[in-house]
Each structure stands twice: as structure tokens, then as C-alpha cells.
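I opened my notebook to jot down what I could look up in this model. Here are my entries, in the order I made them.

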Amino acid sequence: MLDQDAITTTNEAAETALREDYDALAQKLARAGTDIEAIKERAKSFAVAVPSWGTGTGGTRFARFPGAGEPRNIFDKLDDCGVIQALTRATPSVSLHIPWDKADPADLLAKAEEQGIGFDAMNSNTFQDQAEQAHSYKFGSLSHTQAPTRSQAVEHNLECIEIGRQIGSKALTVWIGDGANFPGQTHMGRQFDRYMDSMKAIYAGLPEDWRLFSEHKIYEPAFYSTVVQDWGTSLMIAQELGDKAACLVDLGHHAPNVNIEMIVSRLIRAGKLGGFHFNDSKYGDDDLDSGTIEPYRLFLVWNELVEAEDTPGLNLSHMIDQSHNVTDPIESLMISACEIQRAFVQASLVDRKALAGYQEENDALMASATLRAAFRTDVEPILAMARLESGGAIDPVAAFRASGYREKVAQERPAIAPGSSGIV
Ligand SMILES: [Mn+2]
């Protein structure tokens with residue numbers, strides 16, 4: 001589907017300048033004792049999963065403004081994910097959302113193989129009602145007061161595991177919208193007990209080599225209280241469920257100014273950090289593109305991850321979770337993957353020996369400066385060279401636009417009627 005000539009042509013136009021920039025950066029890093037080739041290999045090893053739902057235009061509760069050539073179904077979405085991987089070489093897998101992406105597993109596997117991608121964590125959906133379901137989730141799902149509703153939500157999660165098992169996924173992420181809009185609406189203790197009973201039933205259905213991720217979120221769609229509202233609750237859940245359960249941190253699911261990198265450090269210490277949903281935010285769960293609002297925070301999160309990367313048993317699952325309302329979703333996802341990769345590479349440049357020394361000596365100024373020195377390093381030549389050597393594009397957006405992919409699929413995919421709210 002993607003015109004390979006667009007990658008070749010745009011790469012040829014940019015390669016000479018890239019090699020000059022790369023050599024200059026290599027000299028600069030060498031003076032500090034850093035081998036650029038080793039850092040480039042780390043960049044090549046980086047991977048973040050793309051969310052299938054991110055390939056369509058998102059929206060708010062007010063409106064959704066669809067773009068041209070939006071994917072009509074999961075197979076179109078997988079085509080788009082294949083384009084993102086072909087150009088960035090940083091997104092080898094896709095995370096599915098059921099039932100939105102429900103299809104014959106054999107067909108899913110065939111399409112993924114055609115696009116050279118695999119499947120990451122499965123995501124269940126009990127935050128909205130489906131046409132055929134018997135019980136409504138208006139007043140909750142896994143924590144609902146009525147047992148038949150809870151059973152229906154548990155069964156749905158078990159079905160997600162079964163679909164995932166057939167397509168090579170190894171994890172289930174559970175995020176629920178359950179909570180309350182009024183003080184007194186629910187008994188917060190009993191509601192949590194019901195949630196735990198449901199999660200134990202799901203956990204019991206996990207294959208031996210699978211993991212179960214609990215994802216916390218401070219508010220929305222419930223605006224007074226939320227069952228899994230913070231990392232403390234998420235940790236309680238993961239600890240009570242067992243070894244296969246871990247906590248997933250969505251960067252947008254915290255109150256403004258919360259120190260997320262410290263949460264990351266705590267969860268690593270507890271042996272319960274499972275992975276991330278990357279995005280950025282200004283006010284709340286804005287689901288903005290990664291690295292566009294607070295790139296330093298993204299770097300500080302990665303600083304903790306790189307610092308702890310040799311921790312025994314640490315096995316992280318990274319995914320993008322964003323809503324693209326005003327941009328081409330493919331372009332936003334490519335740029336976001338590159339920004340997350342950039343933070344990882346910058347964090348890899350931190351002089352950890354020097355930092356540890358400054359920390360021991362209580363030299364606050366130099367400790368802080370050590371982090372910022374890595375953050376200020378322009379690692380674009382490393383990222384671009386990693387893409388070039390992996391068969392991707394030096395400039396993914398330039399290559400994408402030159403390929404005419406969006407115009408081509410716009411011919412094949414009829415426009416989707418506007419009006420419905422996007423997923424958020
Ligand atoms: Mn999320």
C-alpha cells in the first residue's frame with residue numbers, strides 16, 4: 001500500500017546532511033566518553049505499540065471532525081499501522097480494542113503478517129454498551145451492584161483473552177469507567193470489593209504466560225469518584241491478584257502537577273510496574289500527542305526507566321494512547337513514537353556515575369544540571385540514522401506526504417458521517 005519510492009527519494013535528499021550531523025554529534029558525544037554507535041543500537045531496539053483506535057480521528061464529547069480516508073474497520077487500521085511501522089521502525093505491534101476490532105483471528109493474523117506487525121496487549125471495553133448486550137453498563141461494569149452485569153463484564157474480558165491468545169498477544173489491559181457522579185451514590189468499599197471479585201475471576205482465566213494490567217485514572221467518565229482512581233489503588237489490585245498482575249501508567253490519568261516519575265520509581269520498587277500509555281496533557285486526560293506539552297516530564301519518566309532497566313523481572317509494555325482530533329492520525333502517531341523514542345535515547349545519555357556522585361554529595365545544582373545536559377542534547381541524528389539503517393524514513397512525515405498514501409486510501413474508503421462523538 002505504501003509507495004516505497006517515497007521513502008527512497010526523501011531519504012536520498014536528506015542523507016548527506018544527516019551523515020554530517022551524525023558525525024558532528026558522534027564527536028561531541030565521544031568527548032564525553034559516549035559511543036554514538038551503542039546509543040544508536042539502543043534506539044533501534046526501542047519499540048512502542050500503536051493503539052488501533054488511534055488511527056481514526058478522535059473527538060471530544062462535543063463533536064468529532066472526521067478526516068479523509070479514515071479506516072473503516074480493523075483491517076484498514078492494520079494497514080495504517082503497517083505504514084507507521086514502515087516509516088518509523090519503532091512501532092512493531094498494535095494494541096487491539098474489543099469489540100471494536102473484533103474479527104476472525106486467522107484474518108487478523110494474516111493482515112498483520114502482510115504488514116509486518118504483531119499484536120500487543122488486548123484492551124477490553126465495558127465502558128459503553130454494545131447493541132446486542134443484555135445488561136447495561138450505565139451504572140458500572142466489573143463493580144456493578146447486580147451480579148448478572150458483573151458476570152457479563154467478566155465474560156467479555158475472558159473473550160478478549162481468548163481472541164488475544166489466538167493472535168499471539170500476551171497481556172490484557174483492564175480499564176473501567178466505573179465510579180460515581182454523586183457523593184453517596186455508591187458505597188465505595190463494597191463497590192471496590194465487587195470490582196476485586198470480578199478481577200479475580202478474570203485473573204483466573206489468564207494463560208500461564210500472560211499478564212494482566214490494571215490502569216488507573218483519576219476521573220472521567222465518573223466525575224465524583226472512580227473505582228481505580230490512583231496508583232495506590234492500582235498497586236493494591238496488582239498485589240492482591242498475584243504475580244501476573246501489574247500496574248499500567250497512563251500519563252494523562254493524574255491530577256495536574258503530580259510527580260509521575262516518582263510513581264514510576266515506586267511501582268518499580270514494588271515490582272509492579274507493567275507498562276505505559278504514552279500521551280501528553282495540559283489540563284487533564286487530554287490525550288494530546290506525546291512530547292508536545294511537557295517533553296521534560298517525558299524525559300524524566302524515561303530517566304527512571306533507564307535507571308532501572310537492569311532490575312530483575314522488569315518487563316515493560318509500552319503503548320501510545322492518544323486522541324488525534326485535528327491532525328492526520330498516522331502523522332501524529334509517527335511523530336509521537338519518535339518523541340517517545342527521543343526521550344528514551346536522551347535518558348540513555350545521562351551520566352549516571354556522575355549523577356550518583358552528585359546525589360551522594362548533596363550537590364543539588366550539579367545533579368539537576370546532569371539531567372538537563374542529557375535532555376538538551378539534540379539526538380535527532382541518532383533517531384534518523386536508526387530509522388535509515390532499519391529501512392525506515394529519515395523524515396517519516398515528509399516521506400508519508402510524498403507517498404500520497406492518504407489521498408490514495410481516501411479514494412478507497414468512503415467518508416464516515418460526522419456527528420458522533422469520538423472515543424476519548
Ligand atoms: Mn490509557
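**Notebook: a loop residue, a sheet and a helix pair**

I started with Thr34, which has 18 C-beta neighbours inside 10 Å and so counts as partly exposed. Note to self: this is a predicted model.

Where does Thr34 sit? I found it in the loop between helix H1 (4–31) and helix H2 (36–45). Leaving out residues up to four places away in sequence, I listed its contacts as Leu29, Ile39 and Leu349. Leu349 caught my eye: Thr34 and Leu349 are 315 residues apart in sequence, yet their C-alpha atoms are 7.8 Å apart in space.

Next I looked at the sheet. I read off eight strands in an open sheet with parallel pairing, in the order E1-E2-E3-E4-E6-E8-E9-E10. Strand E1 (50–51) and strand E10 (317–320) stand at the edges with a single partner strand each, so each has one side without a neighbour in the sheet. I then checked how E10 is held: four bridges join it to strand E9 (residues 273–278), and the two run parallel. One pair I wrote down is Phe276 with its bridge partner His318 in E10.

Last, I turned to two helices. How do H11 and H12 cross? The axes of H11 (residues 352–360) and H12 (residues 364–376) come within 8 Å and cross at roughly 160°. Angles over 145 degrees count as roughly antiparallel, so that is how I logged H11 and H12. I noted the crossing as left-handed. On the H11 side I have Ala354, Leu355, Tyr358 and Gln359, meeting Met366, Ala367 and Thr370 in H12. By class, I put down five nonpolar, two polar and no charged residues for this contact.

Note on methods:
Residues numbered from 1 in each chain as written. Predicted model: local features only at pLDDT ≥ 70, side-chain atom pairs only at ≥ 80, totals over all residues. Axes fitted to C-alpha atoms, helices over the stretch in contact; angles between N-to-C directions. Parallel < 35°, antiparallel > 145°, perpendicular 65-115°, else oblique. Left-handed = near helix turned anticlockwise from the far one by under 90°. Contact = placed C-beta atoms within 7 Å. Nonpolar A, V, L, I, M, F, W, Y, C, P; charged D, E, K, R; others polar. Buried ≥ 20, exposed ≤ 12 C-beta atoms within 10 Å, placed from the backbone. Pairing = 2+ DSSP bridges.
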